[in-house]
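The following exercises are to be worked through with the sequence and the coordinates at hand. Each task is followed by a solution in steps.

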Amino acid sequence: MTAGLHALDAAALLAAYGSGELSPVDVMQAVLEQAARREGRLHALCALDAEGALAAARASEARWRAGTALALDGVPVTLKETIAVPGAAWRFGTAATADDAVADFEAPPAARLREAGAIAWARTTMPDYGMLSSGLSSLYDEPARNPWDTTMTPGGSSAGAAAAAAAGYGPLHLGTDIGGSIRLPAGWCGLGGLKPSHGRVPIKPGYAGRVHDRAGQHEERERE
């Protein structure tokens, strides 16, 4: 029974994994099912690796059973499209980039999540270069939509991250903020947003105005 598991926060999941009440496999399956139900209207995701996510969940389950679980082991997380992951598309939300543009390095926030056992199962949409306070983008076929009213934008530039968070695509969603790219979509999607102090979370490529953090029960993010 996976109903409702997609809406649990990270702390609740870790406690349930530790007690054996829940399995990372069941939770990951519930998150994938929730995304499948809502994604046709929301367009929050630009890439999804269901097979890889379930394989990572099975590995996480084995670590929990062996007593070797990591800090965020088995917790689902999405990454904003602009967050560098080796071999993954890295197009900054714009059709102006090459079709085959991929990252050849791993951004520090993505690396820290991976090292902690979190499951990065999908990437979220953003406007061109992260420079709009909406989900409009020349890269994706459809703009991201607000889960509360799909005729409206979720805000931006962490547009897909906020939409995914509000729609219950799991507990954590990594995005970014320069002038409000976490805080605006968080507010427009009924979430809480925080821009942390500069230097609190490492970033690559570096930029003096850009920071990483999370917003709301379900959302965490990285670079603009």
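**Exercise 1. Strand pairing around β2**

Task: Determine in which sense β2 and β4 pair, and over how many bridges. Then treat the pairing of β2 with β3.

Solution.
Step 1. The structure is a predicted model. In this model, β2 and β4 pair in the parallel sense, over 3 bridges. Within this pairing, T78 stands opposite H173 in β4.
Step 2. β2 (76-80) is also joined to β3 by 5 bridges, and these two strands run parallel. Here V77 has A120 in β3 as its bridge partner.
Step 3. Between β2 and β3 the chain passes through α4, and the resulting β-α-β crossover is right-handed.

**Exercise 2. The two faces of β2**

Task: Assign the residues of β2 to the two directions in which they point, and state whether they are buried or exposed.

Solution.
Step 1. In a regular strand, side chains alternate between the two faces of the sheet.
Step 2. P76, T78 and K80 point one way from β2, while V77 and L79 point the other way.
Step 3. The residues on both sides are buried, and the count for the strand is 5 of 5 residues.

**Exercise 3. Packing of α4**

Task: Identify the buried residues of α4 and the strands against which they pack.

Solution.
Step 1. α4 spans residues 108-115. Its residues P108, P109, A110, A111 and L113 are buried.
Step 2. The buried residues of α4 pack against β2 and β4.
Step 3. After α4 comes G117, whose phi is positive, near 90°.

**Exercise 4. The nonpolar cores**

Task: Describe the largest nonpolar core, its best-connected residues and the elements that supply it.

Solution.
Step 1. Nonpolar side chains tend to be buried together in soluble globular proteins.
Step 2. The largest nonpolar core has 41 residues, and L22, V27, M28, L45, W121 and Y169 have the most contacts inside it.
Step 3. At least two residues of this core come from each of α1 (10-19), α2 (24-42), α3 (50-66), β2, α4, β3 (119-124), α5 (159-166) and β4 (172-174). The largest share, 7 residues, is supplied by α2.
Step 4. Another core, of 5 residues, lies apart from the largest one and includes A162, A165, C189 and L191.
Step 5. Y169, one of the residues with the most contacts inside the largest core, touches V31, Q34, A35, R38, E39, L42, A44, L45, W121 and A164, when residues up to four places away in sequence are not counted.

**Exercise 5. Classifying individual residues**

Task: Decide for T97, F92, Y129 and A36 whether each is buried, partly exposed or exposed.

Solution.
Step 1. The cut-offs are under 20% relative accessible area for buried and over 50% for exposed, with partly exposed in between.
Step 2. T97 has a relative accessible area of 16% and is therefore buried. T97 lies in the loop between β2 and α4. Its side chain makes a polar contact with that of R91, at 3.0 Å. Not counting residues up to four places away in sequence, T97 touches R91 and F92.
Step 3. F92 is in the loop between β2 and α4. Because its relative accessibility is 18%, F92 counts as buried. Its phi is near 55°, a positive value in a residue other than glycine.
Step 4. Y129, in the loop between β3 and α5, has a relative accessible area of 43% and so is partly exposed. Phi of Y129 is positive, near 55°, and the residue is not glycine.
Step 5. A36 belongs to helix α2. Its relative accessible area is 63%, so A36 is exposed. The C-alpha atoms of A36 and E21 are separated by 25 Å, the two residues being 15 residues apart along the chain.

**Exercise 6. Backbone geometry and confidence**

Task: Locate the cis peptide bond and the stretch where pLDDT stays under 50.

Solution.
Step 1. The peptide bond from G156 to S157 is cis, with omega near 15°. S157 lies in the loop between β3 and α5.
Step 2. The protein has a mean pLDDT of 90, and 91% of its residues reach 70 or more.
Step 3. Over residues 214-224, pLDDT stays under 50, and for this stretch the model has 81 contacts beyond four places in sequence.
Step 4. Predicted coordinates should not be read in detail where pLDDT is low.

Terms used:
Residues are numbered from 1 along each chain as its sequence is written. This is a predicted model: local features need pLDDT of at least 70, side-chain atom pairs count only at pLDDT 80 or more; totals for chains, interfaces and linings use all residues. Side-chain values use heavy atoms; hydrogens and water are left out. Helices (H or I, at least four residues) and strands (E, at least two) are DSSP runs, numbered from the N terminus. Buried means under 20% relative accessible area, exposed over 50%, partly exposed in between (1.4 Å probe, protein chains only). A polar contact is a pair of N or O atoms within 3.5 Å; within protein, one must be able to donate a hydrogen and the other to accept it, and residues adjacent in sequence count only if both atoms are side-chain atoms. Contact means heavy atoms within 4.5 Å. A nonpolar core is a set of buried Ala, Val, Leu, Ile, Met, Phe, Trp, Tyr and Cys residues joined through side-chain atoms within 4.5 Å. pLDDT is the predictor's confidence in each residue, from 0 to 100. Two strands pair if DSSP finds at least two bridges between them. A crossover is right-handed if, with the strands pointing away from the viewer, the path from the first strand over the helix to the second runs clockwise.
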